[in-house]
Amino acid sequence: MNKNAHTEKDLKDPVCNMTVSADSGLHHHHAGKDYYFCSSHCLHKFTENPGRYSGKATQPPPETGPSTAGAYTCPMHPEIREDKPGVCPKCGMALEPTGIPEAATKTEYTCPMHPEIRQDHPGSCPKCGMALEAVMVSVEEKDEELINMTRRFWVSTLLAAPLFILAMTADLAPLLLPSGLSMQMIQWIEFVLATPVVLWGGWPFFERGWQSVRTWNLNMFTLISIGVSVAWVYSMTALLFPQVFPVIMQMEGGLIDVYFEAAAVITALVLLGQVLELRARSRTNAAIRMLLGLAPNTARIVHDDGTEADIPLEQVQPGDILRVRPGEKIPVDGTAIEGESNVDESMVTGEPLSVTKKAKDKLIGATVNGTGSLLMRAEKVGSDTLLAQIINMVAEAQRTRVPIQKLADNAAGYFVPAVVGVAVLAFIIWWLLGPEPRLAHAVINAVAVLIIACPCALGLATPISIMVGTGRGATAGVLIKNAEALEIMEKVDTLVVDKTGTLTEGKPRLVAVEAEEGLAEDEVLRLAASLERASEHPLAEAIVLGAEDRNIALVKPDDFQSVTGKGVIGTIDGHKVAVGNIKLLESLDINLKDLPQLANKQRVEGKTVMLVGIDGKAAGLIGVPDPIK
């Protein structure tokens with residue numbers, strides 16, 4: 001093909017869409033056409049999958065990847081999510097596809113007590129009536145159910161409190177009421193205060209109660225909704241149609257006793273219980289939110305043309321080249337392809353010492369990079385990362401069922417119908433055999449049975465304890481595989497631990513300095529710590545901090561050199577100083593004397609020991625343990 005025959009489209013890199021020159025020498029012939037590239041990286045990507053780039057330059061055909069419908073976000077405000085293209089309501093920028101499949105953006109909801117219940121929208125469990133919660137929480141997720149119940153509780157309490165005071169004063173100390181306030185006016189005031197509480201504040205209970213009857217999964221909301229509705233309907237009937245009641249039930253002026261305060265106060269108390277329960281459930285997710293918070297929000301991608309840009313973490317795709325700068329968290333799982341640094345992997349391994357990473361070494365997302373810069377290739381992103389799998393395991397463990405929970409479920413299954421039966425029986429007995437007014441006594445006692453016997457604790461005790469146990473364990477660094485393991489642990493009397501990092505703080509601390517005869521401990525520590533100031537090793541940091549805690553003034557080292565796998569050497573105030581293991585001092589032809597024996601004694605006590613040599617002679621040793629938690 002003649003160079004002049006190239007069209008403008010032909011001179012576009014089909015991978016990155018950059019304008020390129022036909023003289024670059026980077027070209028590939030495919031399907032009777034020549035393609036030109038800006039870099040060998042783009043050429044390599046094209047040759048791996050020519051069909052992906054041989055159409056539109058940067059738009060792969062739909063069949064090569066999952067649909068991103070329903071997943072559009074703003075580059076500046078990644079919290080903005082829409083199910084269709086548009087502009088950001090905050091900054092006006094065009095929304096971009098996240099690259100996440102639509103199915104992956106949908107939240108699934110489940111019941112803490114019945115994990116087999118799953119649906120794609122919030123609601124209540126058809127079996128127990130509990131509010132469903134997201135299978136996987138997010139860092140900034142708002143608990144809408146808790147917010148809703150809290151609002152209903154406070155409004156109901158503000159109305160139920162004066163209602164209760166008014167009703168009790170009218171019954172027990174009527175002389176304290178204003179002289180112009182008649183009993184009929186008091187009942188209408190009670191009606192006005194109680195109706196919003198019952199019909200608005202208690203509406204979720206009626207919905208769940210009706211659902212329980214419709215599906216024949218009787219639960220505590222069955223009892224609550226029946227009890228509150230009976231008390232309120234009875235009081236409404238007594239207020240509006242007192243003439244339908246027997247004369248013996250009528251008070252002075254033909255009025256009938258009402259129980260608006262009972263219906264309102266019961267509703268407010270049940271709402272309080274719901275708020276406390278939802279708060280407890282929300283706190284159990286704190287461990288998962290903490291784990292989610294370990295991952296960075298953005299990643300720095302290196303484009304094919306060498307330019308770099310920060311992008312939201314969810315936009316990272318396998319194969320992307322990412323830059324990890326000093327002190328940053330590694331965004332996703334992958335492999336280092338350039339650079340060298342120490343990485344703190346204690347988040348995963350529990351080990352306090354950083355791990356040296358160089359080209360071809362594996363990197364774990366959410367671990368912390370040290371002082372070096374790394375270039376990495378992303379391999380596992382999103383739910384495929386090790387951190388995501390840990391989070392998923394914790395979330396699933398919170399919803400697994402222990403064997404003893406079957407006993408509680410079976411008991412609750414028989415308990416609720418039995419309570420309804422006892423309430424009906426109490427109504428009949430009081431109506432037939434009770435004192436006058438029989439109907440009023442029958443209603444009140446039946447409602448009392450329904451409300452008092454609500455099996456809240458019976459159904460909630462086991463799942464809440466499992467959620468709290470697994471959540472607290474994750475917060476403390478203990479991952480519990482499932483709830484059955486938690487129950488079996490009660491029988492364990494011996495615990496075998498495979499590594500020190502599991503039980504220690506992960507922060508080495510200077511505790512021991514031993515100097516050879518004729519040398520002062522502080523002087524040995526001053527020279528060693530001054531040398532270690534130039535090192536990024538965690539043990540070096542512990543020595544420096546230990547010297548500073550002893551108010552020892554440190555100086556800048558000269559001729560600093562780090563010897564891989566052995567230690568460090570350098571010059572301090574004209575003294576040749578070496579700090580490291582036995583191999584380092586032996587390589588410098590230093591007579592170790594009795595230092596190996598002293599070092600072994602320190603190691604038996606769980607300390608990491610470093611030997612110190614000064615001016616070609618053994619000077620002492622330093623003990624740095626990782627303290628027990």
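**Helix 7**

I started with the length of helix 7, residues 220-240, in this predicted model. At 1.5 Å a residue, its 21 residues should span 30 Å, and I found the end C-alpha atoms 30 Å apart, which agrees. I then looked up how much of helix 7 is covered: 15 of its 21 residues are buried, so I noted the helix as mostly covered.

**Helix 17**

I ran the length check on helix 17, residues 538-549, as well. The expected span for its 12 residues is 16 Å, and the end C-alpha atoms are 16 Å apart, in agreement. Which residues of helix 17 are buried? I listed Pro538, Leu539, Ala540, Ala542, Ile543, Val544, Gly546 and Ala547. What do the buried residues of helix 17 pack against? I found helix 16 (521-532), strand 22 (607-614) and strand 23 (617-625). After helix 17 comes Asn551, and I read its phi as positive, near 60 degrees.

**Whole chain**

I took the totals next. The chain has 629 residues, and 43% of them count as buried. I noted 19 helices and 23 strands for its secondary structure. Among contacts with a separation of 6 or more, 60% are between residues 24 or more positions apart. The chain exposes about 32,900 Å², and carbon and sulfur atoms supply 58% of that area.

**Helix 5 and its aromatic residues**

I looked for aromatic pairs and the count came to six. One of them is Trp188 with Phe191, at 5.6 Å centre to centre and 85 degrees between the planes. The angle is over 60 degrees, so I entered the pair as edge-to-face. Both residues are in helix 5 (residues 183-201), three residues apart, which puts about one helical turn between them. Trp188 counts as partly exposed, at 35% relative accessibility. Phe260 joins Trp188 and Phe191 in one aromatic cluster.

Thr195 is also in helix 5. Is Thr195 buried or exposed? I read a relative accessible area of 16%, which makes Thr195 buried. What does Thr195 touch, leaving out residues up to four places away in sequence? I found Trp200 and Trp232. Trp200 came up again in my search for charges over rings: the charged end of Arg152 sits over its ring, 5.0 Å from the centre.

**Ala426**

I placed Ala426 in helix 12, residues 403-433. Ala426 is buried, with a relative accessible area of 15%. I also took the C-alpha distance from Ala426 to Val449, and it is 8.0 Å for two residues 23 apart along the chain.

**The six-stranded sheet**

I traced an open sheet of six strands, in the order 10-9-11-17-12-15, with antiparallel pairing. Which strands stand at the edges? I noted strand 10 (308-312) and strand 15 (362-363). Each has a single partner strand, so one side of each is left without a neighbour in the sheet. Inside that order I checked the pairing of strand 12 (residues 333-339) with strand 17 (residues 374-380): six bridges join them, and they run antiparallel. Glu338 has Leu375 in strand 17 as its bridge partner.

**Strand 13 and its partners**

Strand 13 (residues 341-344) pairs with strand 14 (residues 355-357) over three bridges, in the antiparallel sense. I found Asn342 opposite Thr356 in strand 14. Strand 13 also pairs with strand 16 (residues 368-369), over two bridges and again antiparallel. For Asp344 I noted Val368 in strand 16 as the bridge partner.

**Positive phi in two loops**

I looked up backbone angles last. Most residues other than glycine have a negative phi, so I kept a list of exceptions. Lys360 is one entry, with a positive phi near 80 degrees. I placed Lys360 in the loop between strand 14 and strand 15. Lys360 counts as exposed, at 74% relative accessibility. Ala366 is another entry: its phi is positive, about 80 degrees, although it is not a glycine. Ala366 sits in the loop between strand 15 and strand 16. Is Ala366 buried or exposed? I read 4% relative accessibility, so Ala366 counts as buried.

Conventions:
Residues numbered from 1 in each chain as written. Predicted model: local features only at pLDDT ≥ 70, side-chain atom pairs only at ≥ 80, totals over all residues. Heavy atoms only, no water. Helix = DSSP H or I, 4+ residues; strand = E, 2+ residues; numbered from the N terminus. Buried < 20%, exposed > 50% of the residue type's maximum accessible area, 1.4 Å probe, protein only. Contact = heavy atoms within 4.5 Å. Areas by Shrake-Rupley, 256 points an atom, 1.4 Å probe, with all protein chains shown as cover. Phe/Tyr/Trp six-rings, centres within 6.5 Å; stacked < 30°, edge-to-face > 60°. Lys NZ or Arg CZ within 6 Å of the ring centre and 35° of its normal. Expected span 1.5 Å × (residues − 1). Pairing = 2+ DSSP bridges.
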